Amino acid sequence: MNLFSGSTITDVPIATLTGKVINANNQLIVAEGCRFRLNQDCIIETDVENIKVKVIGIKRAKAFLMPYHPFSTIYVGSKVIPLKKTEHYHIDNSWLGRVLNAHGEAIDDLPSPRGIDTITLRSAEAINILKKKPISEPFDVGIKSINGLLTLAKGQRVGLVAGSGVGKSVLMGMITKFSEADVVVVGLIGERNREVREFIEKNIGAEGLKKSVVIAAPADQSPLMRIQATELCHSVAEYYRDKGANVLLLVDSLTRYAMAQREVAISLGELPAIKGYPPSVFSFIPPLLERSGNGHENAGTMTAIYTILSEGDEDYDPVVDTAKAILDGHIVLSKELAQRGQFPAVDIEKSISRCMDAVVSEPHLQIARQCKRLYSMYNKAKDLIALGGYQQGNDPELDEAIQKNPIIEKLLMQNTIQYVSFEESCQQLALIFKGK
């Protein structure tokens with residue numbers, strides 16, 4: 001009997017070249033035996049389970065693999081099957097209102113979304129820098145201290161620098177609910193498991209979630225999952241931006257992404273150099289940040305806010321320093337202000353928006369600068385004032401700073417459920433100097 005009767009040569013299956021495991025621990029698996037490609041996904045077959053891994057390094061004939069998920073068993077000689085296709089995600093508006101993992105799978109007890117369009121982790125084509133949509137409009141975040149004194153623009157990329165316990169998550173939730181964005185993409189990277197649910201329920205809320213896509217990779221997941229979730233956030237935001245939407249991308253946090261890259265680099269034997277970070281980590285941050293921002297002229301906008309953790313002096317943190325050099329501004333949250341009861345605890349002296357000049361009027365800009373100047377003068381002299389070492393009338397500008405400080409501090413404070421539009425923020429700022 002002819003098994004191939006009626007068949008052509010193209011119908012005959014071609015054997016797939018496979019490799020085998022020669023060494024392994026909980027974090028790193030070494031394989032050889034076939035041609036591997038850097039960043040390629042593979043499957044390791046065992047008697048108990050199939051383990052999905054990624055090629056993170058190649059040296060001579062050996063490939064270094066890292067698992068996406070914890071595995072229960074592996075042995076020397078386990079078959080390694082390289083996957084030819086890149087992982088694809090099927091997306092459309094069905095992703096809105098959903099909470100997903102780094103593979104685009106649902107973690108909100110609903111069926112995983114199946115869209116009609118396809119994206120990958122690096123879907124967007126590189127855009128000629130001379131053809132990017134210019135920044136020209138203010139972006140209303142609904143928070144008067146930011147709207148008035150640190151005005152953001154549609155398409156701007158900003159770092160939110162903060163330590164623990166200063167209201168970072170609350171501020172992100174307020175921006176998610178109050179901003180004028182059509183779509184909000186939230187990446188919760190390396191957070192505690194309980195904080196993921198708390199952020200969604202308490203900070204975003206049911207209304208905020210309707211226009212949001214949340215992608216979560218908590219701290220107990222592998223570094224590959226945290227890295228992939230961060231990259232997926234950008235691909236999703238790029239998709240909606242290119243569909244014409246005004247998108248807000250919130251990534252919490254860039255520091256956890258850098259830490260995940262550090263775990264991968266150290267597992268490959270790279271030595272730590274700068275505050276425990278191997279040098280290669282800082283080669284991944286600029287390409288990631290440059291993916292955000294505006295696209296083509298006929299596309300929508302993509303405003304991005306990255307939280308960056310800083311427990312001490314942020315000027316000596318290498319991730320903070322690298323991000324500040326690339327981003328279009330930074331908003332610093334102060335632990336001292338939070339302890340004094342000022343929320344949001346935005347330190348306007350240390351914060352800056354590099355795109356503010358391009359999107360606000362000259363009168364607004366001058367008032368904002370004068371307000372920051374008076375606030376800074378008062379803070380420098382407040383100890384002297386408290387001790388009675390300053391006599392009114394010695395410095396007219398300091399007298400004005402003392403007089404207006406209560407009004408400025410009131411402008412900087414806002415209830416978590418209170419929305420203040422960009423126009424109203426400008427009006428409240430102008431009232432500080434009315435009749436001067």
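**Exercise 1. How are α10 and α11 oriented relative to each other?**

Work from the predicted model.

*Step 1.* Choose the quantities. Two packed helices are described by the angle between their axes and the distance between the axes.

*Step 2.* Read them off. The axes of α10 (residues 362-386) and α11 cross at roughly 110° and come within 8 Å.

*Step 3.* Classify the angle. Values from 65 to 115 degrees count as roughly perpendicular. Therefore α10 and α11 are roughly perpendicular to each other.

*Step 4.* List the residues that meet. From α10 they include Q370, L374, Y378 and I385. From α11 they include E397, A401, I408 and L412.

**Exercise 2. Describe the open sheet, find its edges and name what packs on it.**

*Step 1.* Write the strand order. Eight strands run β8-β14-β13-β15-β16-β12-β17-β18, and the pairing is mixed.

*Step 2.* Find the edges. β8 (98-100) and β18 (352-353) each have a single partner strand, so one side of each is left without a neighbour in the sheet.

*Step 3.* Look at one pair. β12 (residues 157-162) and β17 (residues 329-332) are parallel, with three bridges between them. V161 has V332 in β17 as its bridge partner.

*Step 4.* Add the helices. α2 packs on the sheet and touches β12, β13, β14, β15 and β16. The direction of α2 makes about 165° with that of β15. Helix α7 (residues 318-326) lies across β12, β16 and β17, at about 160° to β16.

**Exercise 3. Describe the closed barrel and one of its strand pairs.**

*Step 1.* Trace the order. Six strands run β1-β2-β5-β4-β3-β6. Their pairing is antiparallel.

*Step 2.* Check the turn between neighbours. On average, neighbouring strands of this sheet are turned by 45° against each other, direction ignored.

*Step 3.* Take one pair. β3 (residues 41-45) and β4 (residues 50-59) run antiparallel and are joined by five bridges. Here D41 stands opposite K54 in β4.

**Exercise 4. Which kind of aromatic pair do F178 and Y419 form, and which parts does the pair tie together?**

*Step 1.* Choose the quantities. A pair of aromatic rings is described by the distance of the centres and the angle of the planes.

*Step 2.* Count the pairs. The model has three aromatic pairs.

*Step 3.* Classify this one. F178 and Y419 are 5.8 Å apart, centre to centre, with 55° between the planes. Stacked needs under 30 degrees and edge-to-face needs over 60, so this pair is tilted.

*Step 4.* Place both residues. F178 lies in helix α2 (residues 168-178), and Y419 lies in the loop between α11 (396-412) and α12 (422-431). The pair therefore ties together parts that are 241 residues apart in sequence.

*Step 5.* Compare accessibility. Buried means under 20% relative accessible area. F178 has 13%, so F178 is buried. Y419 has 40%, so Y419 is partly exposed.

**Exercise 5. Which charged ends sit over the rings of Y68 and Y277?**

*Step 1.* Take Y68. The charged end of K52 sits over this ring, 5.4 Å from its centre.

*Step 2.* Take Y277. Here the charged end belongs to R262, 4.6 Å from the ring centre.

**Exercise 6. Summarise the whole chain.**

*Step 1.* Count the elements. The chain has 12 helices and 18 strands.

*Step 2.* Give the dimensions. Its C-alpha atoms fill a box of roughly 110 × 45 × 40 Å along the principal axes.

*Step 3.* State the burial. Of the 436 residues, 53% are buried.

*Step 4.* Check the contacts. Among those between residues at least 6 apart in sequence, 71% join residues at least 24 apart.

Key. Residues numbered from 1 in each chain as written. Predicted model: local features only at pLDDT ≥ 70, side-chain atom pairs only at ≥ 80, totals over all residues. Heavy atoms only, no water. Phe/Tyr/Trp six-rings, centres within 6.5 Å; stacked < 30°, edge-to-face > 60°. Helix = DSSP H or I, 4+ residues; strand = E, 2+ residues; numbered from the N terminus. Buried < 20%, exposed > 50% of the residue type's maximum accessible area, 1.4 Å probe, protein only. Lys NZ or Arg CZ within 6 Å of the ring centre and 35° of its normal. Pairing = 2+ DSSP bridges. Contact = heavy atoms within 4.5 Å. Axes fitted to C-alpha atoms, helices over the stretch in contact; angles between N-to-C directions. Parallel < 35°, antiparallel > 145°, perpendicular 65-115°, else oblique.
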